[in-house]
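Please open the structure in your viewer and keep the sequence panel visible beside it. The tour below proceeds selection by selection.

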Amino acid sequence: MGEFFDRLSAHIHWVVFLLLEALSGFMVFQFNSYQGSVWLTQANTAVATIMEWEAGVLRYLRLPVENDLLMRENITLQYNLEVMRRELAQLRHDSTYTEQVHSKVFSGEDLLPARVVTNSVRQKDNFLVIDAGSHDGVEPEMGVLSGTGVVGIVCKTTPRHALVMSVLNSHSSISCRIRGTDYFGYMKWNGGNPLQVSMDDVPRHARVKVGDVVETSGFSNVFPPGIFLGKVAQVHDSRDGLAYALEIQLSTDLSCVETVCVIRNKIKEELDSLYSKR
């Protein structure tokens with residue numbers, strides 16, 4: 001303790017100097033209106049800058065949550081657009097029970113958000129792993145979407161993770177159609193460009209042109225109709241010359257997908273049971 005006071009007494013002049021400086025500064029800003037206003041202006045500017053930095057940091061930390069919300073809203077809007085399109089085409093048609101249930105497929109409880117843990121796009125058979133599994137309600141044969149389109153189909157699950165067969169897989173075959181028509185085919189990946197797939201078995205009398213939108217057909221219990229897949233990039237003749245083979249530019253770049261949603265179709269078990277009784 002004595003050593004502390006010795007050191008303090010040796011530097012007491014600096015302590016007194018700092019105290020006098022603080023006191024003089026206080027008196028200048030307190031009793032002079034101009035200096036006081038300058039001080040308040042500068043202090044407010046500094047506080048505003050700090051608060052702006054803080055708000056920026058908080059916005060950055062909230063980006064993952066906002067990204068999930070935007071993705072789910074985008075998927076919901078895609079399906080709602082398809083519902084509106086069908087209602088306009090069949091204005092006087094009374095919806096069947098199945099159509100009424102399908103119109104609710106994308107309610108909030110049926111879209112399970114998840115994040116991509118691992119992903120591949122350069123193999124012949126590509127897969128993704130997501131951080132949602134059987135404990136979260138994920139089951140095999142459930143569809144997986146991103147905010148820009150179809151990602152793949154769940155093939156295996158563990159309690160906390162799921163293995164997803166990517167659309168960039170030689171065994172993937174997704175029923176699709178040309179938007180605004182009844183012409184449908186199957187979307188497949190033949191390797192190579194991860195942004196391009198093919199659509200086969202399109203009839204010769206179909207009026208197809210470059211730029212036409214390709215979407216899910218709804219002819220399965222995995223994906224509802226109207227989900228955006230991509231656009232026609234090229235139109236070729238099939239090998240036998242009896243149909244068209246289309247090159248489709250995918251809407252989703254699977255090499256940079258980070259967040260996805262799993263579709264939990266409420267009527268899947270009912271449809272599976274119905275098909276098994278045929």
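Display the molecular surface of the whole protein: about 17,400 Å² is exposed, and carbon and sulfur atoms supply 58% of that area. Accessible areas come from the Shrake-Rupley method with a 1.4 Å probe, and for residues only the protein chains shown count as cover. This is a predicted model, in which local features need pLDDT of at least 70 and side-chain atom pairs count only at pLDDT 80 or more, while totals for chains, interfaces and linings use all residues. Residues are numbered from 1 along each chain as its sequence is written, and side-chain values use heavy atoms, with hydrogens and water left out.

Next, colour by pLDDT, the predictor's confidence in each residue, from 0 to 100. The mean for the protein is 77, and 65% of its residues reach 70 or more. Among the elements, strand 5 (residues 162-169) has the highest mean pLDDT (94) and helix 5 (residues 97-102) the lowest (42). Select residues 93-105: pLDDT there is below 50, and the stretch has 16 contacts in the model beyond near neighbours in sequence. A contact means heavy atoms within 4.5 Å. Where pLDDT is low, the predicted coordinates should not be read in detail.

Switch to a cartoon view, which should show six helices and 12 strands. These are DSSP runs numbered from the N terminus (helices: H or I, at least four residues; strands: E, at least two).

Now select the barrel. Its six strands close in the order 6-7-8-11-10-9, with antiparallel pairing. From one strand to the next, the twist averages 40 degrees; axes are lines fitted to C-alpha atoms, for helices over the stretch in contact, and angles run from 0 to 180 degrees between N-to-C directions. Two strands count as paired if DSSP finds at least two bridges between them.

Within the barrel, select strand 6 (residues 174-178). Is this strand buried or exposed? Five of its five residues are buried, so strand 6 is largely enclosed by the rest of the structure. Buried means under 20% relative accessible area, exposed over 50%, and partly exposed in between (1.4 Å probe, protein chains only). I174, C176 and I178 lie on one side, S175 and R177 on the other, and both faces are covered.

Add strand 7 (residues 184-188), which pairs with strand 6 in the antiparallel sense over four bridges. Here S175 stands opposite Y186, and C176 opposite G185. Five residues separate the two strands of this hairpin, and G180 in the turn has a positive phi of about 85 degrees.

Finally, select strand 9 (residues 213-216), antiparallel to strand 6 and joined to it by three bridges. I178 stands opposite V214.
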